[in-house]
Amino acid sequence: MEKEMVEELELLLEENDDRKLTQYLNDQNISDVEELIDEFPEHGPRFVELLSINRAVNVFRILDFPTQERILKKLSGHRISELINELPPDDRTSFFSELHGDAVKTLILHLSPDDRKEALALLGYEEDSIGRLMTPDYVAVKRTWDVERVLSHIRRYGKNSETIDVIYVIDEQGVLLDDIRIREILLVKPETKVSDLMDSRLIALNVKDPQEEAINIFRMNNRVALPVTDDEGILLGIVTVDDILWIANEEYTEDIQKIGGTEALDEPYLDISLIRLVKKRVGWLIILFLGEMLTATAMGYFEDQIAKAVVLALFVPLIISSGGNSGSQASTLIIQAMALGEVTVADWWRVMRRELVSGLLLGLTLGIIGFFRIFAWTMFSNIYGPHWVLVGLTVGTALVGIVLWGSLAGSMLPLLLKRLGLDPATSSAPFVATLVDVTGLIIYFSIAVLILKGTML
């Protein structure tokens, strides 16, 4: 945010002149007002009170939920009623779904009877379903109408629609027949029938579909809005691209946090309380810590071999980090590919074949580097003893096996979790790394026993 804007607002706040402050806020872009609320959080409720109701709604809808909740608690009853009634149905549903039950009951009382019925209907859908995203504000026409009647209908009802970029064609029972872009209507003669403009290339979402599916459909079809129907094909509402972008951002943020080995934060990092932040992180840390304890167990099982060939212990960090890194790489790539719709559970065999080859090539690369690293050190010292070639072969072969195993584990875990109905992001990099650490040690020392038996062991 520009320093001049902040300084100007500080002067207006010092003057305490509501008229000047109102004029200043109404002259700013919506995004600038949102940033000013972040800059002056204690004055956020005052800003929302002073803005015109239309601008107040547009500012409120782009604030994060904790800020929305904090501001709403300090608004006057009249402004709360105005705000809740003027919020678009999809934004209102999204806000209500984040609130506690008692707060929702109180706010719903501010709505008109029709809006109250609408809000309760939208809240009745599953939390992560398309039904929670849709708005019932759209323009629908009949196939028998001509363009002149369509335009008259748009002039009458279009103001209350979420978008008029797309017009929807329905039959007498409300079944969706087609959608028509507004430019196609504007560029033909007034007497043209709607049926003449229909091409039957219809893409629609089901009200019960998961929201993630809508993200992929929007991405693949380059649409600004998509209709939402029930199982009978009846048009219930529309979902617009702004809502999809918001959901996509939330999904991306949640997945990144899970990949990092923590529960998804439901508030901005600086707004969440320290206690809740610790609770979000401690669970996974305990699980990963207990998992890593198995590493000590695995090393204890090979205690005799380590005692006879202490040099093997020198390469433990190298071995387990290489396996963990390859597993984390594969896991991250597959999770991202699944999020983009590039990979599905049905593609597991294709994924495994690719990871078998790539894991083998990556393992060979690191194995050769590991062998020559031992060779290079041997040229200047006798640290690895007279059997340095066998030590090098042990490390090199182990790296091939562990990197290959890490790639397979990292790529298959997300697909397995998806098949079980769980979130693939929970097969995060730390989880995969822990799994590969433990199994990697077993692979390493097992190979060492096979190669070094009769010499160092």
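**Close-up 1. The two sides of helix α7 in this predicted model.** Let's start with helix α7, which runs through residues 77–86. Here R79, I80, L83 and I84 are buried. These four residues cover an arc of only 125° around the axis, so they sit on the same side of α7. Turn to the other side of the helix and you will find H78 and E86, which are exposed.

**Close-up 2. A nonpolar patch on the surface.** Ten residues might be a lot to take in, so begin with the list: L356, V357, L360, L361, L364, I368, F372, F375, M379 and F380. Together they form a nonpolar surface patch with about 1,000 Å² of accessible area. One member to look for is F380, which is found in the loop between α19 (348–378) and α20 (388–419). With a relative accessible area of 77%, F380 counts as exposed because the cut-off for that word is over 50%.

**Close-up 3. N16 and its backbone angle.** N16 is not a glycine, and yet it has a positive phi of about 60°. You can find N16 in the loop between α1 (3–15) and α2 (18–27). Its relative accessibility is 52%, so N16 counts as exposed.

**Close-up 4. The salt bridge between E15 and K20.** Side chains of opposite charge can pair when their charged atoms come close. The structure holds ten salt bridges, and E15 with K20 is a friendly one to begin with. The closest N and O atoms of E15 and K20 are 3.5 Å apart. E15 is partly exposed at a relative accessible area of 47%, and K20 is also partly exposed, at 36%.

**Close-up 5. R61 and D242, a link between distant parts of the chain.** The side chains of R61 and D242 meet in a salt bridge of 3.6 Å, N to O. R61 lies in the loop between α5 (53–60) and α6 (65–74), while D242 belongs to helix α15 (residues 241–259), 181 residues apart. R61 is partly exposed at 23% relative accessibility, and D242 is partly exposed at 35%.

**Close-up 6. The salt bridge between K208 and D231.** Here the closest N and O atoms are 3.1 Å apart. K208 is in the loop between β4 (205–206) and α14 (211–221), and D231 is in the loop between β5 (225–229) and β6 (235–240), so the pair ties together parts that are 23 residues apart in sequence. K208 is exposed at 59% relative accessibility, and D231 is exposed at 53%.

Note on methods:
Residues numbered from 1 in each chain as written. Predicted model: local features only at pLDDT ≥ 70, side-chain atom pairs only at ≥ 80, totals over all residues. Heavy atoms only, no water. Patch = residues over 30% accessible without salt bridge, like charges linked within 9 Å, V, L, I, M, F, W, Y side chains within 5 Å. Areas by Shrake-Rupley, 256 points an atom, 1.4 Å probe, with all protein chains shown as cover. Salt bridge = Lys/Arg side-chain N within 4 Å of Asp/Glu carboxyl O. Buried < 20%, exposed > 50% of the residue type's maximum accessible area, 1.4 Å probe, protein only. Arc of directions from axis to C-beta.
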